[in-house]
Amino acid sequence: MTHLVLLHAFPVNRHLWDDQVEYLTKAGRRVLTPDLAGFGGSAVPQEATMTAIADQVLSQVGQPAVFAGLSMGGYVLMEILRLHPEMVTGAVFMDTKATADTQEARAQRLQVADAVLAAGHTGDLAEVMLPKLLGETTRSRSPEVVEKVRTWIEEAPPEAVATAQRAMADRPDSVPTLRRYEGPALVVWGSEDTISPSADQKTMLDVMPQAVAREIPDAGHLTAIEQPSAVNDVLLEVLSDWR
Ligand code: MLT
């Protein structure tokens with residue numbers, strides 16, 4: 001069975017996938033969870049580009065695999081599909097989007113990158129991002145999840161935050177890449193996701209008619225940690241058809 005490679009979101013780390021690793025490993029899958037772009041103690045890539053981040057991942061994986069990317073992890077997966085489609089035997093896009101940034105979003109990212117490097121710390125990034133990353137249900141009912149994500153964001157090195165922001169600002173439109181991709185695909189999103197809402201999912205589904213679509217109730221952007229059981233069940237169910 002091919003490896004399953006899980007690519008985490010910004011600005012957290014591989015522990016986003018702890019529940020999936022435990023569950024899917026018990027179910028017999030071989031799961032890899034690389035840290036991306038300087039997060040979680042990984043090396044900061046030489047260049048702040050999606051290509052450099054994707055190359056780092058591929059150097060750790062070394063063989064064709066099923067990839068699942070959540071948000072920024074999805075952008076990395078799209079870059080792998082653009083440059084090395086032969087490495088992808090199945091693709092899971094979670095709470096992500098195929099379109100590039102608007103000029104405004106891009107400028108905002110570059111500003112954040114400059115600010116964290118100048119400050120030497122990530123400052124109030126957690127306060128700013130928590131309400132966007134986590135859905136209303138998680139924020140009101142699961143304080144332990146909120147605290148876990150807060151800790152990860154506070155631990156994120158400024159260099160990783162800046163590199164990821166610059167790489168995301170620079171990323172191309174991936175709609176043509178997904179249109180070309182004919183392999184197995186799954187698109188998953190949280191019903192309360194405001195960072196990549198249903199219009200973004202529709203764009204991906206429109207160009208990948210083969211894709212299975214699954215909405216996760218009571219989850220925001222970080223579905224993997226907000227509703228881990230539901231995500232585990234969907235991954236196991238859909239991926240078992242891809243062997
Ligand atoms: C993420 O969760 O990885 C980020 O929200 C992605 C982004 O900023 O576009």
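Pro11 sits in the loop that runs between strand S1, residues 4-7, and helix H1, residues 18-26. I begin there since the peptide bond leading from Phe10 into Pro11 is cis, with omega near -5°. I should say at once that this is a predicted model. As a reminder, most residues other than glycine have a negative phi, and most peptide bonds are trans.

A second backbone feature belongs with that reminder. Ser71 is not a glycine, and its phi is positive, near 55°. Ser71 lies in the loop between strand S3, residues 65-70, and helix H3, residues 72-83.

Both of these places bring us to the ligand. Which residues are around the ligand? They are Ala9, Phe10, Ser71, Met72, Tyr75, Arg109, Leu133, Met168, Ile195 and His221. Phe10, then, which precedes the cis bond to Pro11, is among the residues around the ligand, and so is Ser71.

Let me turn to the polar contacts with the ligand. Ser71 places a polar side-chain atom 2.9 Å from a ligand oxygen. For Tyr75, an N or O atom of the side chain is 2.6 Å from an oxygen atom of the ligand. For Arg109, the corresponding distance from a side-chain N or O atom to a ligand oxygen is 2.7 Å.

I now move to the helix packing. Two packed helices are described by the angle between their axes and the distance between the axes.

Arg109 leads us to the first pair, helix H4, residues 103-119, and helix H8, residues 158-169. Their axes are 8 Å apart and pack at an angle of about 160°. The angle is over 145 degrees, and H4 is therefore roughly antiparallel to H8. The crossing of these two helices is left-handed. From H4, the contact involves Arg106, Arg109, Leu110, Val112, Ala113, Asp114, Val116 and Leu117. From H8, the partners are Pro158, Glu159, Val161, Ala162, Gln165, Arg166, Met168 and Ala169. By class, this contact of H4 with H8 comprises 10 nonpolar, one polar and five charged residues. Arg109 and Met168, both part of this contact, are also among the residues around the ligand.

The second pair is helix H5, residues 125-133, with helix H7, residues 143-155. Their axes come within 10 Å and cross at roughly 135°, which makes H5 oblique to H7. Here the crossing is right-handed. H5 contributes Leu125, Ala126, Glu127, Met129, Leu130 and Leu133, and H7 contributes Val146, Val149, Arg150, Ile153 and Glu154. The contact of H5 with H7 has eight nonpolar and three charged residues, and no polar ones. Leu133 of H5 takes part in this contact and is also listed around the ligand.

The third pair returns us to H1, the helix that follows the loop holding Pro11. How do H1 and helix H12, residues 228-239, pack, and at what angle? The angle is about 45°, with the axes 10 Å apart. H1 and H12 are therefore oblique to each other, and their crossing is right-handed. On the H1 side we find Asp19, Gln20, Tyr23 and Leu24; they meet Pro228, Val231, Asn232, Asp233, Leu235 and Leu236 of H12. Six nonpolar, two polar and two charged residues make up the contact of H1 with H12.

Note on methods:
Residues numbered from 1 in each chain as written. Predicted model: local features only at pLDDT ≥ 70, side-chain atom pairs only at ≥ 80, totals over all residues. Heavy atoms only, no water. Axes fitted to C-alpha atoms, helices over the stretch in contact; angles between N-to-C directions. Helix = DSSP H or I, 4+ residues; strand = E, 2+ residues; numbered from the N terminus. Parallel < 35°, antiparallel > 145°, perpendicular 65-115°, else oblique. Left-handed = near helix turned anticlockwise from the far one by under 90°. Contact = heavy atoms within 4.5 Å. Nonpolar A, V, L, I, M, F, W, Y, C, P; charged D, E, K, R; others polar. Near = heavy atom within 4 Å. Polar contact = N/O pair within 3.5 Å; in protein donor to acceptor, adjacent residues only side chain to side chain.
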